[in-house]
Amino acid sequence: MKNRIIDVSVNTRRADAAAVKADLLAVGVFEDGPCCAAAASVNKTLGGPLKRLKQLGDFEGKAQTSAMVYTDGKIAASRVLFVGLGPRDKTDVQTLFKAAALAAHQAVDRKAKTLGLLLYCAQGKAAPVSLEQAGQAIAEGIGFGAYRYDEYIEQAAKKRASKLTATILTAEAKTAVALKKGAAIGAITAAAQSYARTMANRPANVITPATLAAEAKKLAASIPSLRCSVLEQKQLSAKKMGGILAVGQGSANPPRLIVLEYKPAGASAKTPVIGLVGKAITFDSGGISLKPGQGMEDMKFDKSGGIAVLGAMRAIAHLEPHVNVIGLIPAAENMPSGASYRPGDIVTTYSGKTVEIQNTDAEGRMILCDAIAYAKTLGCRTIVDMATLTGACVVAVGAKRAGLMGNDESLIEQLKAASVKTGERLWHLPCDDEFVEAMKSKIADLKNVGGKWGGACTAAAFLSQFAQGAKWAHIDMAGVGVWGADEKQAPGSIGFGVRLLTEFIRAQGK
């Protein structure tokens with residue numbers, strides 16, 4: 001029987017931190033001392049442990065470090081976790097996000113049910129981070145750090161609390177109001193990211209194109225402003241979506257195209273329509289061009305782009321920005337069989353363009369090209385697609401950034417701005433005519449792989465041919481979707497892209 005994923009709730013409270021009962025109280029410490037007067041007061045009441053910790057070299061306030069102190073009844077909380085924030089003058093939203101994530105992670109490890117956080121209270125125009133931004137970042141960090149994927153571990157419920165109640169603390173009433181406003185947004189985006197992490201982490205025998213479509217319908221049914229429609233195999237055939245059909249034809253689990261539509265109250269014909277497209281290969285064996293066996297179990301994560309769109313649509317529908325958003329998730333399983341598409345096949349896509357298949361493991365672009373072209377017919381004049389598309393992108397930019405390509409500089413800059421706010425880093429790469437040329441076939445309009453060099457750029461250039469007439473950007477998240485075992489974070493999906501896409505849409509709706 002599955003165990004429920006940990007339930008995390010976040011609230012904000014004006015209170016004397018020393019008087020707040022909690023299983024764990026997280027207190028922020030910069031390299032030059034406590035984060036605020038209230039934090040300094042907690043340290044003093046405990047007898048000044050920060051000085052002793054620094055003398056011993058155990059804790060100096062450096063970012064992503066911590067030290068645990070047991071309170072022995074001197075304050076109401078059972079434990080105090082001093083959390084390093086680094087240099088005071090370099091504080092940003094990521095400082096607070098990571099500090100809150102570290103605190104929440106340790107709280108869950110210690111089976112804590114209640115967590116207090118006293119991490120930030122800077123005010124005024126000179127403050128490096130606004131209180132609203134701080135509240136959002138802390139709430140998002142709490143959700144991220146508390147997350148565990150253990151629904152298939154029989155004893156998981158005994159190893160941790162089933163719920164974590166986190167309270168962002170401050171001594172000032174005005175500060176509490178501003179923090180609360182940001183935390184309300186952060187709680188929504190954090191929950192959406194955790195939801196996406198669970199969907200991505202579930203294996204291919206649980207998440208198939210059909211069950212992913214059913215999950216999307218279930219999500220839409222729970223939110224009044226969200227609608228879901230699903231194109232099944234017959235509809236895909238009727239619409240001649242050859243790319244999606246080709247990739248899925250080798251599997252016993254037929255493909256789907258999931259369409260989620262969000263319309264804000266008061267939307268008119270002039271309200272812009274933005275398309276978010278996410279690749280959802282629920283399992284990628286490589287097809288006839290079979291992948292090596294080592295590491296193939298991680299190919300359940302090849303649906304991460306589509307899951308990011310699913311999570312973002314959940315957050316967007318709850319936050320209600322004034323912009324129409326259509327999320328398109330082409331879902332297929334890429335398997336080898338007698339029915340599989342083959343190297344050498346020529347596939348006619350939804351747009352009418354033909355594609356020579358040279359490698360069946362270059363399948364993501366084949367399902368995305370149909371979805372991007374379809375998004376244009378639904379009225380999307382701005383389209384952003386996200387996909388675990390190429391290993392070449394990991395070679396190019398490493399595992400800490402996603403590649404960003406597109407045909408419109410203003411759109412690229414908007415996504416970069418959203419990236420700065422969420423900490424989900426992007427790096428702009430080219431996909432201009434020289435890369436398009438590399439994707440031309442001698443026997444069809446295009447081929448699905450380029451030459452040896454610039455694989456991330458040639459893949460994006462291929463997709464650009466289906467986005468013509470729309471502002472379009474492509475995010476290759478192949479290297480950043482999954483974390484390995486890390487003492488500060490849970491292994492598995494990190495839900496990359498959920499907050500990024502949500503922030504991008506929120507900015508359009510302002």
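A residue is counted as buried when its relative accessible area is under 20%. In the predicted model examined here, C380 has a relative accessible area of 0% and is therefore buried. C35, with a relative accessible area of 9%, is likewise buried because this value lies under 20%.

The cysteines were also examined for cross-links. A search of the whole structure returns zero disulfides. For C35, the nearest cysteine sulfur belongs to C36 and lies 3.7 Å away, and C35 takes part in no disulfide. A disulfide requires two cysteine sulfur atoms within 2.5 Å, so the separation of 3.7 Å between the sulfurs of C35 and C36 does not qualify. C380 is also in no disulfide; in its case the nearest cysteine sulfur, that of C228, is 15 Å away.

Strand 12, which comprises residues 324-334, is mostly covered, with 11 of its 11 residues buried. Burial extends to both faces of this strand. On one side, N324, I326, L328, P330, A332 and N334 are buried. On the other side, V325, G327, I329, A331 and E333 are buried as well.

Strand 12 pairs with strands 9, 10 and 11. Strand 9 (residues 256-262) runs antiparallel to strand 12 and is joined to it by seven bridges. Within this pairing, V259 has L328 of strand 12 as its bridge partner, and L328 belongs to the buried residues listed above. The pairing of strand 10 (residues 273-278) with strand 12 is parallel and involves five bridges. Here G275 is matched with I326 of strand 12 as bridge partner. Strand 11 (residues 280-284) also pairs with strand 12 in the parallel sense, over four bridges. In strand 12, A331 stands opposite A280; A331 is buried, on the side of the strand that also carries V325, G327, I329 and E333.

Helix 10 spans residues 304-319 and contains 16 residues. At 1.5 Å a residue, a helix of this length should span 22 Å, and the distance between its end C-alpha atoms is 22 Å, so the expected and computed values agree. Helix 10 is mostly covered, 13 of its 16 residues being buried. Just after the helix, E320 adopts a positive phi of about 60°.

Conventions: Residues are numbered from 1 along each chain as its sequence is written. This is a predicted model: local features need pLDDT of at least 70, side-chain atom pairs count only at pLDDT 80 or more; totals for chains, interfaces and linings use all residues. Side-chain values use heavy atoms; hydrogens and water are left out. Buried means under 20% relative accessible area, exposed over 50%, partly exposed in between (1.4 Å probe, protein chains only). Helices (H or I, at least four residues) and strands (E, at least two) are DSSP runs, numbered from the N terminus. Two strands pair if DSSP finds at least two bridges between them. The expected span of a helix is 1.5 Å times one less than its number of residues.
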